[in-house]
Amino acid sequence: MISKKGKRRMEYNGAVYYWFVRKNREGVPRIHILSEDKKVNLEFPLFDSEVSTTRQEIERLLKRHIYPDDPWGPDDL
């Protein structure tokens, strides 16, 4: 079980994920995405530090992870 404090919850492709933005040691903001079962632990650079990160951006990053050969994912999602 992961701590949910300070994280946003979302369901995607039948699984539950938690995401948050945190600065790394160098002070650069990074997006972190964790699956509820801890099998997925992703970290990406922030797209634009001046714009809020949206659910659509998190979904795009998850699609890129789940379908690495097709960054747009299947047509039916």
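A salt bridge is taken here as a side-chain nitrogen of Lys or Arg within 4 Å of a carboxyl oxygen of Asp or Glu. In this predicted model, the side chains of Glu11 and Arg9 meet that condition, with N and O 3.6 Å apart. Both partners are partly exposed: Glu11 has a relative accessible area of 49%, and Arg9 likewise stands at 49% relative accessibility. By this rule the protein has 4 salt bridges, and two further examples appear below in the helix.

The overall architecture provides the setting for these pairs. The protein contains 1 helix and 4 strands, and from the N terminus the elements follow the order β-β-β-β-α. Of its 77 residues, 32% are buried. The accessible surface comes to about 5,700 Å², and carbon and sulfur atoms contribute 48% of that surface. Among contacts between residues at least 6 apart in sequence, 30% join residues at least 24 apart.

The chain may be followed from its N-terminal part. Lys7 is located in the segment before β1. Lys7 is buried yet takes part in no salt bridge, and the nearest side chain of opposite charge, that of Glu36, is 12 Å away. Since a salt bridge requires the nitrogen and the carboxyl oxygen to be within 4 Å, the distance of 12 Å to Glu36 leaves Lys7 without such a partner. Apart from neighbours within four places in sequence, the contacts of Lys7 are with Tyr18, Trp19, Phe20 and Leu34.

Next come the strands β1 and β2, which run antiparallel and are joined by 5 bridges. Within this pairing, Arg8 has Trp19 of β2 as its bridge partner. The two strands form a hairpin with 2 residues between them, and Asn13, in the turn, has a positive phi of about 55°.

Strand β3 contains His32. Is this residue buried or exposed? At 15% relative accessibility, His32 counts as buried, because the limit for that class is under 20%. When residues up to four places away in sequence are set aside, His32 touches Tyr18, Trp19, Phe20, Arg22, Leu42 and Glu43. Tyr18, Trp19 and Phe20 are also among the residues in contact with Lys7.

Beyond the strands, Thr53 lies in the loop between β4 and α1. The C-alpha atoms of Thr53 and Ile31 are separated by 8.6 Å, although the two residues are 22 apart along the chain. Thr53 is also in contact with Ile31; its other contacts, leaving aside neighbours within four places in sequence, are Trp19, Val21, Leu46 and Ile58. Trp19 thus recurs in this description: Trp19 pairs with Arg8, and Trp19 is touched by Lys7, by His32 and by Thr53.

The chain then enters helix α1, which comprises 12 residues, 55-66. At 1.5 Å a residue the helix should span 16 Å, and its end C-alpha atoms are 16 Å apart, so the expected and modelled lengths agree. The buried residues of α1 are Glu57, Ile58, Leu61, Leu62 and Lys63. These buried residues pack against β1 (8-12), β2 (15-23), β3 (29-35) and β4 (41-45).

Two salt bridges lie within this helix, and their spacing along the chain can be read directly. Side chains of opposite charge can pair when their charged atoms come close. Glu59 forms a salt bridge with Arg55, with the closest N and O atoms 3.1 Å apart. Both residues belong to α1 and lie 4 residues apart, about one turn of the helix. Glu59, at 22% relative accessibility, counts as partly exposed, as does Arg55 at 37%.

The second pair joins Glu57 to Arg60, whose closest N and O atoms are 2.8 Å apart. Because Glu57 and Arg60 are 3 residues apart in helix α1, about one helical turn separates them. In this pair, Glu57 counts as buried at 14% relative accessibility, whereas Arg60 is partly exposed at 31%. Glu57 and Lys7 therefore present a contrast between buried charged residues: Glu57 is buried and forms a salt bridge with Arg60, while Lys7 is buried and has none.

Definitions and conventions:
Residues are numbered from 1 along each chain as its sequence is written. This is a predicted model: local features need pLDDT of at least 70, side-chain atom pairs count only at pLDDT 80 or more; totals for chains, interfaces and linings use all residues. Side-chain values use heavy atoms; hydrogens and water are left out. The expected span of a helix is 1.5 Å times one less than its number of residues. Buried means under 20% relative accessible area, exposed over 50%, partly exposed in between (1.4 Å probe, protein chains only). Contact means heavy atoms within 4.5 Å. Two strands pair if DSSP finds at least two bridges between them. Accessible areas come from the Shrake-Rupley method with a 1.4 Å probe; for residues, only the protein chains shown count as cover. Lys and Arg count as positive and Asp and Glu as negative; His and the chain ends are not counted.
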